[in-house]
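Reader: I would like a close look at a single part of this model, with the cut-offs behind each term spelled out. Please take one local piece and then connect it to the rest of the chain.

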Amino acid sequence: HQCEQCDGLLLCKTHAEKHPKVRSYASHIVQNLQAGTTSAGGGERANQPASLCCMFHDHQNVVTYCVTCEHGVCAQCLATGHKLHPFIPLSDVANQKRASVQETAKSTLMIQPSTPTRPEQENKQSPVGELLQDVSEEMKLIDQESQAASSLVTGTVEQLHSMLKSKMEKLLDKIDRMRWSQLEPYEARQQRLLSLQEKH
């Protein structure tokens, strides 16, 4: 699942269901990447294809995930770069993200100290408790989004740096070859003049 208003934030099934129910995110639209449906405010709309837009090429949908660059790529990206990079399907990336979120949530629950509760409160949570839980979940989502954004920025900068370095080396090589091609006739002429000078 993915939230359109949260810059493409990937969500697990549990968070996808709760995300638009939080008051501050009530208008957000969550996409189901596998089923091709969207939901807003807890309701689901079918028959709307879910797609991710390429961050480098407008109006191009992401078709696969580049493991080296750590971000999705479109058909135009594949035609102009990523020659030797490995790729994995977008569904696998979503599954990995979902498993990571579930593992994090499971670990968090395991380290939380257990507190005694009264029998009448065991199966009922107060409104304040629900709000605290929502706040906690949104804070976790913000941390995950920040980590994903940092990885994306780092991968993009490294990719651009590599591309610029390669372009620079090609241009310098071209300039060097042009220089030698222009100097060659003058060097030959210089040698002939030096030979004439020695004879006289």
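Author: Strands S6 and S7 form a hairpin with four residues between them, and in the turn Glu70 has a positive phi of about 60 degrees; strands here are DSSP runs of E with at least two residues, helices are runs of H or I with at least four, and both are numbered from the N terminus. This is a predicted model, in which local features need pLDDT of at least 70 and side-chain atom pairs count only at pLDDT 80 or more, while totals for chains, interfaces and linings use all residues. Residues are numbered from 1 along each chain as its sequence is written, and side-chain values use heavy atoms, with hydrogens and water left out.

Within the hairpin, S6 (residues 62-66) and S7 (residues 71-74) run antiparallel and are joined by four bridges, where two strands count as paired if DSSP finds at least two bridges between them. Tyr65 stands opposite Gly72 in S7. The hairpin belongs to an open sheet of three strands, in the order S7-S6-S8 and with antiparallel pairing. Because S7 and strand S8 (87-88) stand at the edges, each with a single partner strand, one side of each is left without a neighbour in the sheet.

From the hairpin one can pass to helix H4, which is where Gln159 is placed. Leaving aside its neighbours within four places in sequence, Gln159 is in contact (heavy atoms within 4.5 Å) with Phe56, Cys69, His71 and His82. The side chain of Gln159 also makes a polar contact with the side chain of His82 at 3.3 Å; such a contact is a pair of N or O atoms within 3.5 Å, of which, within protein, one must be able to donate a hydrogen and the other to accept it, and residues adjacent in sequence count only if both atoms are side-chain atoms. Gln159 counts as buried because its relative accessibility is 14%, the limit for buried being under 20% relative accessible area with a 1.4 Å probe and protein chains only. Other buried residues of H4 include Gly155 and Thr156.

H4 itself (residues 127-199) has 73 residues and reaches 107 Å from its first C-alpha to its last, close to the 108 Å expected at 1.5 Å a residue, a span reckoned as 1.5 Å times one less than the number of residues. H4 bends by about 35 degrees at Leu183, with a proline, Pro185, following within four residues; the bend is the angle between axes fitted to the seven residues ending there and the seven starting there.

Conventions:
Buried < 20%, exposed > 50% of the residue type's maximum accessible area, 1.4 Å probe, protein only.
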